[in-house]
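Work through the three exercises below. Try each task before you read its solution.

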Amino acid sequence: MNKQEFLNQLKIKLRRLPEKETEERLTFYSEMIDDRMEEGLSEEQAVAAIGNVNEIATQIIADIPFTSIVKEKMKSNKRLKTWEIVLLAISSPIWLSLLIAAFAVVLSVYVVLWSAIVSLWAIFAALIGCAVGGILAGFIFLFSGNVAAGFATIGAAIFSGGAAILFFYGCKVATKAIVWLTKQIALGIKKLFIGKEN
């Protein structure tokens, strides 16, 4: 694929974004291809080194602020007819309440997911606290003459510390998964506003 074909495909993928954003991205990738060609790559090699058009378009959409996309959508040239406005006004109690309910459900599911993550991190902190407190309590038992209770408490503290280490990795993976899911949801919402690509 040559430079012009790449830029044309990218322009098609970004056509529903704000015009300013699209032009900035096209200029950026055009200059990037030119820079690689100046480094000695052929035009096709320079284009291939940049990457897949679909992946680049998806990343650009993810990087553009949601407010810019909404503003662009609101600038629609299509004017509503009188009967469409009347129909929207009459049916607003139904569609508006359904929209609010859908938003509330999605938001509550999202909050529950993050609550689960916070709870997992709280359990991790509790296990760390048990490990530290158990070791301190175990030494207090040992020095006060209660050897059996001291060793039992230190053993439980070591177990708690090991469980905390394992729990840390689980919490880390779960947090990354929720962050990834958040990004995917945001990207999906942006794509809904942009519209389906041809």
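**Exercise 1.** Leaving aside its neighbours within four places in sequence, which residues is serine 30 in contact with?

*Solution.* Start with the ground rules. This is a predicted model, where local features need pLDDT of at least 70, side-chain atom pairs count only at pLDDT 80 or more, and totals for chains, interfaces and linings use all residues. Residues are numbered from 1 along each chain as its sequence is written, and side-chain values use heavy atoms, with hydrogens and water left out.

Contact means heavy atoms within 4.5 Å. Outside those neighbours, serine 30 is in contact with Lys3 and Leu7. Now place serine 30: helix α2, residues 19-38. Helices here are DSSP runs (H or I, at least four residues), numbered from the N terminus.

**Exercise 2.** Is serine 30 buried or exposed?

*Solution.* Take the cut-offs: buried is under 20% relative accessible area, exposed is over 50%, and partly exposed lies in between (1.4 Å probe, protein chains only). Serine 30 has a relative accessible area of 16%, so serine 30 is buried.

**Exercise 3.** Describe how α2 and α3 cross, and name the residues that meet.

*Solution.* Step one: the axes of α2 and α3 come within 9 Å and cross at roughly 125°. Axes are lines fitted to C-alpha atoms, for helices over the stretch in contact, and angles run from 0 to 180 degrees between N-to-C directions.

Step two: α2 is therefore oblique to α3. Angles under 35 degrees count as roughly parallel, over 145 as roughly antiparallel, 65 to 115 as roughly perpendicular and the rest as oblique.

Step three: Tyr29, Met32, Ile33, Arg36 and Met37 in α2 meet Glu43, Ala46, Val47, Ala49 and Ile50 in α3.

Key. Helices (H or I, at least four residues) and strands (E, at least two) are DSSP runs, numbered from the N terminus.
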